[in-house]
Amino acid sequence: METHGQVVDRLRSAFRSGVTVPEQFRRAQLTRLMSMLKDNEQQIVNALHKDLAKPKFEAVLSEIDIVINELHHAIANFKSWMQPEYVSKNLATKLDECFVKREPLGVVLIIGAWNYPLQLLILPMVGAIAAGNCVVIKPSEVSAATDSLIAELIPKYLSQDCFAVVSGGAEDTKALLQNRFDHIFYTGSQTVARSILQAASVHLTPVTLELGGKCPCFIYGGVNIRAAARRLAWAKFFNAGQSCVAPDYVLCLPATRDALLPALREALEEFYGKEPQTCPDLSRIVSPRHWRRLMELLKKSSGKVVVGGESNEEDKYIAPTVVVDMSEDDALMEEEIFGPILPILTIESLEKGIDFINRKEKPLALYVFSDESSVVNTVLEKTSSGGFCSNDGIVHMTLPGLPFGGVGASGWGSYHGRWGFETFSHRRACMLRGWALERLNGLRYPPYSDDKLGWLRWTTSPKSSCSLM
């Protein structure tokens with residue numbers, strides 16, 4: 001049994017050999033990763049159901065197909081991403097070759113999360129492999145069945161010299177972080193992120209943090225209330241609300257709330273039936289500890305439960321729940337809920353709603369439901385968030401062409417598509433120069449003079465680059 005240090009050293013030796021750099025190696029590993037997902041789809045679905053009672057539909061959509069689509073995108077494009085990026089030049093560099101070269105960082109660590117235990121581990125791995133790195137992945141021990149399956153499958157499909165899985169609990173993660181990595185990519189809570197940053201600071205290791213926060217859904221102006229309720233309910237209660245981009249709370253006018261509540265009741269009954277606990281399409285809370293945290297939040301809240309509220313600890317079940325009539329400082333508004341509980345707060349105007357959002361930490365996602373483009377654009381321009389989507393929820397993160405990541409307290413850095421490739425690449429500034437134009441270069445040598453300075457300023461100015469066109 002290798003120690004964590006031996007695993008990292010083995011991968012570092014492989015990286016230094018240059019084996020991960022050629023395009024052919026990267027393509028082969030990405031292709032094998034796709035085969036792993038396709039060959040073992042049913043095993044993956046079974047593991048996710050064991051961990052979260054995740055229905056097959058949600059498992060395939062949010063864990064398997066999203067990664068397969070990412071793989072298709074990377075395989076089709078990473079060769080072009082690898083190419084040198086040539087930059088504009090001035091007269092002083094006219095004969096030089098000036099470009100940006102993307103280089104792999106080395107041995108990187110990816111720490112996954114329990115709520116999407118496959119997607120949040122393998123999807124960033126796609127970018128790391130495409131960029132030419134060796135990768136250590138650390139699955140979440142909370143989703144134990146998926147953790148065990150990943151540890152079994154990765155060595156069967158990917159190069160064991162270049163890729164490794166390290167399983168275990170919090171102490172194992174802490175021990176793993178004592179090793180030097182060239183980049184650490186973490187998805188999870190802000191509390192653990194602080195520990196990750198402290199460990200990374202010892203080695204001055206750069207870090208990408210994919211966190212979360214309280215993602216608002218602001219409903220304002222004219223809106224198709226039935227469609228809004230269906231889209232809101234789907235985005236909120238997908239995976240039992242255990243999504244970092246799920247709408248955390250709703251802001252709307254009192255009249256909109258009064259119209260929304262019956263539409264939500266209708267949508268939830270349509271989705272999950274009159275007895276949601278018996279519905280196979282509703283996931284469960286991941287653990288008794290997480291179930292108790294959610295029930296404690298609901299207990300502390302001064303709000304009124306108007307939909308749902310039923311629960312069963314043994315089954316780790318909480319019904320899709322809607323709460324109204326609470327204040328801004330209510331227990332449900334103190335932290336990210338991360339469960340199937342939806343508070344609805346009322347505001348008096350568009351400006352007050354924007355001010356409410358801006359008083360909070362910048363969220364990972366911000367949703368605006370409105371028929372009026374002026375409302376959507378006003379919120380877009382006057383707020384800040386990791387991602388933004390109008391008239392729907394969650395779906396913006398499924399497109400590989402859009403970066404996915406937070407801002408401020410909701411995260412640092414981004415990935416998906418080329419953005420993942422860039423996260424795991426070093427952009428090396430390169431200038432290839434020969435021995436020509438030594439007379440021109442002589443302008444910079446002593447003895448200095450005002451005449452030399454004048455000529456040198458002209459040859460290095462943007463105007464001289466324009467004159468080359």
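**Exercise 1. Place Q42 in this predicted model: which helix holds Q42, and is Q42 buried, partly exposed or exposed?**

Solution.
- Step 1: Look up the helix. Q42 belongs to α3, which covers residues 41-52.
- Step 2: Read the relative accessibility of Q42, which is 45%. Partly exposed residues lie between the limits of under 20% for buried and over 50% for exposed, so Q42 counts as partly exposed.
- Step 3: Try a distance too. Q42 and V60 are 18 residues apart along the chain, and 9.5 Å separates their C-alpha atoms.

**Exercise 2. Describe how α3 and α6 (residues 144-157) are arranged, and find which residues meet.**

Solution.
- Step 1: Recall what to look for. Two packed helices are described by the angle between their axes and the distance between the axes.
- Step 2: Apply this to the pair. The axes of α3 and α6 come within 7 Å, crossing at roughly 150 degrees.
- Step 3: Name the arrangement. Angles over 145 degrees count as roughly antiparallel, so α3 is roughly antiparallel to α6.
- Step 4: List the residues in contact. From α3 come Q43, I44, A47, L48, K50 and D51, and they meet A144, A145, T146, L149 and E152 of α6.
- Step 5: Sort this contact by class: 6 residues are nonpolar, 2 polar and 3 charged.

**Exercise 3. Work through the open sheet of 6 strands: what is the strand order, and which strands are at the edges?**

Solution.
- Step 1: Write the order, β5-β4-β3-β6-β7-β17; the pairing is mixed.
- Step 2: Find the edges. β5 (163-165) and β17 (411-412) each pair on one side only.
- Step 3: Zoom in on one pair. β3 (residues 107-111) and β4 (residues 134-138) are parallel, with 5 bridges; V108 has V135 in β4 as its bridge partner.
- Step 4: Add the helices. α1 (residues 4-16) packs on the sheet, touching β3, β4 and β5, and its direction makes about 155 degrees with that of β4. α5 (residues 119-130) also packs on the sheet and touches β3, β4, β5 and β6 (183-187), with its direction at about 160 degrees to that of β3.

**Exercise 4. Now take the open sheet of 7 strands: why is one side of β10 and of β16 left without a neighbour in the sheet?**

Solution.
- Step 1: Set out the order, β10-β13-β14-β9-β8-β15-β16, again with mixed pairing.
- Step 2: Look at the ends. β10 (304-307) and β16 (387-390) stand at the edges with a single partner strand each, so one side of each has no neighbour in the sheet.
- Step 3: Note the twist, which averages 25 degrees from one strand to the next.
- Step 4: Check an inner pair. β8 (residues 216-219) runs parallel to β15 (residues 365-369), joined by 3 bridges, and F218 has V368 in β15 as its bridge partner.

How values were computed:
Residues are numbered from 1 along each chain as its sequence is written. This is a predicted model: local features need pLDDT of at least 70, side-chain atom pairs count only at pLDDT 80 or more; totals for chains, interfaces and linings use all residues. Side-chain values use heavy atoms; hydrogens and water are left out. Two strands pair if DSSP finds at least two bridges between them. Helices (H or I, at least four residues) and strands (E, at least two) are DSSP runs, numbered from the N terminus. Contact means heavy atoms within 4.5 Å. Axes are lines fitted to C-alpha atoms, for helices over the stretch in contact, and angles run from 0 to 180 degrees between N-to-C directions. Buried means under 20% relative accessible area, exposed over 50%, partly exposed in between (1.4 Å probe, protein chains only). Angles under 35 degrees count as roughly parallel, over 145 as roughly antiparallel, 65 to 115 as roughly perpendicular and the rest as oblique. Ala, Val, Leu, Ile, Met, Phe, Trp, Tyr, Cys and Pro count as nonpolar, Asp, Glu, Lys and Arg as charged, and the others, Gly among them, as polar.
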